[in-house]
Amino acid sequence: MFDIAIDWTPIVLSLRLATVTTLILLFLGTPLAWWLAHTSCWCKTLIEAVVALPLVLPPTVLGFYLLLTLGPYGLVGGLWLLLTGGHLAFTFTGLVIGSVIFSLPFVVHPLQNAFQTIGKRPLEVAATLRAAPLDRFFTVVVPLARPGFLTAAILTFAHTIGEFGVVLMIGGSIPGKTQVLSISIYEQVERLEFQQVHWLAGALLLFSFLSLLILYSINKRLY
Amino acid sequence: MAVRGQFHLQQGHFVLDVNFHLPDQGITAVFGPSGCGKTTLIRCVAGLERALGFLKVNGHCWQDESRHFFLPTYQRALGYVFQEASLFPHLSVVKNLEYGFHRIPPQQRYVIFEEVVTFLGITSLLYRKPECLSGGERQRVALARALLTSPQLLLMDEPLAALDADSKAEILPYLEKLHEQLAIPVLYITHTMLEVMHLADTLLVIEQGRVVSSGALTAVLTQLDLPLAHTYDAGVVIEAKVVEHDEYFHLTYLNYSGGRLSLRRENLPLGQKVRVVVNAKDVSLAIENEVSSSILNIFPTTILEIVEDSPGQIMIKLDARGTLLLARITKKSMVLLKLQIGMLVYARVKSVALL
């Protein structure tokens, strides 16, 4: 039973994709969530709806539009080609861009909630204690929003590991470049290589379960 | 004048339109009903709201909209005590205190950390989390945290309003002690007359976003064209000094600028400065100084003003050798005694309440 050779490439690729996506999303999602939590702009509802779109769109639809945009004749892909001479569709960079958009609500929602729960008062207090804006953010908002940040990071990471449709549409299945875990499983099922699938699917199931378990126990402890 | 300001701010239907100046030390109570704009006013002073107008503190300009100058809150040397507990829940008491203290350059500090902590009696609380403190303890920590920023101006937004009666009684002595020692101007928001009488030197009365009166405490309290002088508890505050204890009659004598007051024996050291309240309803008037009265506190006064208080009731403003008093009497007594402005009468004070 242990003599089976596990191909680690898709696993490593999935982990890399999830890590990069999570980091980029925390970086981009935090200011967006902050803005949504505090703005009274008329366009807030519009932006919120756009951010939530990936939750309801079939991944293939999102993937289709992303493929068009990221392709060499698309707006972003064309610009990328012009600037770097490289392609976005069917590359790891393309996958990252797709994953970032696909997982956006998983970062923005928990953070926006956390920021709204904190409210303005702690920031005003910090301001009267001479803390400048960035100082206030890192010494007051970040520690108070810690459950929100943890939720965002864990959800995004797990969600990226588990995505399939979008990745298949814009990345295809190039081993070592875009063939992530979920796609590798799909292809092995197609080839009826069930033994390897059992290992990978089981590991993925366990990983997802553990992520959620950690998430819920953190939230229970912190809230 | 240490603090001068003028603000105009419109928020929906509410308009704040105030012009004020505060002396360079002492407590100015901002008094008025809820919703009158008291909180909005000190939020403007703190820079938490941006109004039109200007603000100068100790010669430093904090805001001048005529040249679009606005110092953000974190650059204003102020301390702010909020109405509800505003301690950072993720930090211990000592970290809360240090939050502001450490952000002040050492050469700008005029308070010593340990002294403030001792002064407010929070030494034993330093390593607790805010959630483990009582309401009164939290407000004391919040006050210490504000003082530790070595402010040029202290703002307090109804610091006792959210507390129960016991916690109020616990904090008030600290505020009185602070009042004696603090050499900076304090803006103290309240809608409770008792707090005004305990703490205020100056009074700023606000109604519907406008200053309706401002000035020394007694001058404003005795302003008969204001509703303050017509409340049930209308009266004056007299600052006095303990001069003698009479053990035989169980009395304590106080000297004030207009004479001597006696009240029931209080356990106070000689020389102690105290405040007493003389309510208008406890003052009656007589044309002659009857020695045969049971009342001990009788002062010769001159009638300054006579105003109708409520049906059948008259409010009279008196000058007792420089100290103002209010007396509430019936219209019938006024007619029978033929009271008129400028007349000399004897004010008989039935009870004097020590604050």
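**Exercises on strands and a helix**

In chain B, 6 bridges pair strand β17 (residues 297–310) with strand β20 (residues 344–349) in the antiparallel sense. The model is predicted: local features need pLDDT of at least 70, side-chain atom pairs count only at pLDDT 80 or more, and totals for chains, interfaces and linings use all residues. Residues are numbered from 1 along each chain as its sequence is written, and chains are lettered from A and ligands numbered from 1 in the order in which they are written.

Terms: helices (H or I, at least four residues) and strands (E, at least two) are DSSP runs, numbered from the N terminus. Two strands pair if DSSP finds at least two bridges between them.

**Exercise 1.** Place β17(B) and β20(B) in their sheet.

- Start with one residue pair: N297(B) faces V349(B) of β20(B).
- Write the order: β16-β20-β17-β18-β19 of chain B, an open antiparallel sheet of 5 strands.
- Find the edges: β16 (283–286) and β19 (323–330) of chain B each have a single partner strand, so one side of each lacks a neighbour in the sheet.

**Exercise 2.** Find the edge strands of the open sheet that holds β12(B).

- Write the order: β14-β13-β12-β15-β21 (chain B), 5 strands with antiparallel pairing.
- Read the ends: β14 (259–264) and β21 (353–354) of chain B pair on one side only.
- Check one pairing: 5 bridges join β12 (residues 235–246) to β13 (residues 251–256), both of chain B. E244(B) stands opposite Y253(B) in β13(B).

**Exercise 3.** Compare the span of α1(A) with its expected value.

- Take the rule: 1.5 Å times one less than the number of residues.
- Apply it: the 30 residues of α1 (residues 9–38) of chain A should span 44 Å.
- Compare: the end C-alpha atoms are 43 Å apart, which agrees.
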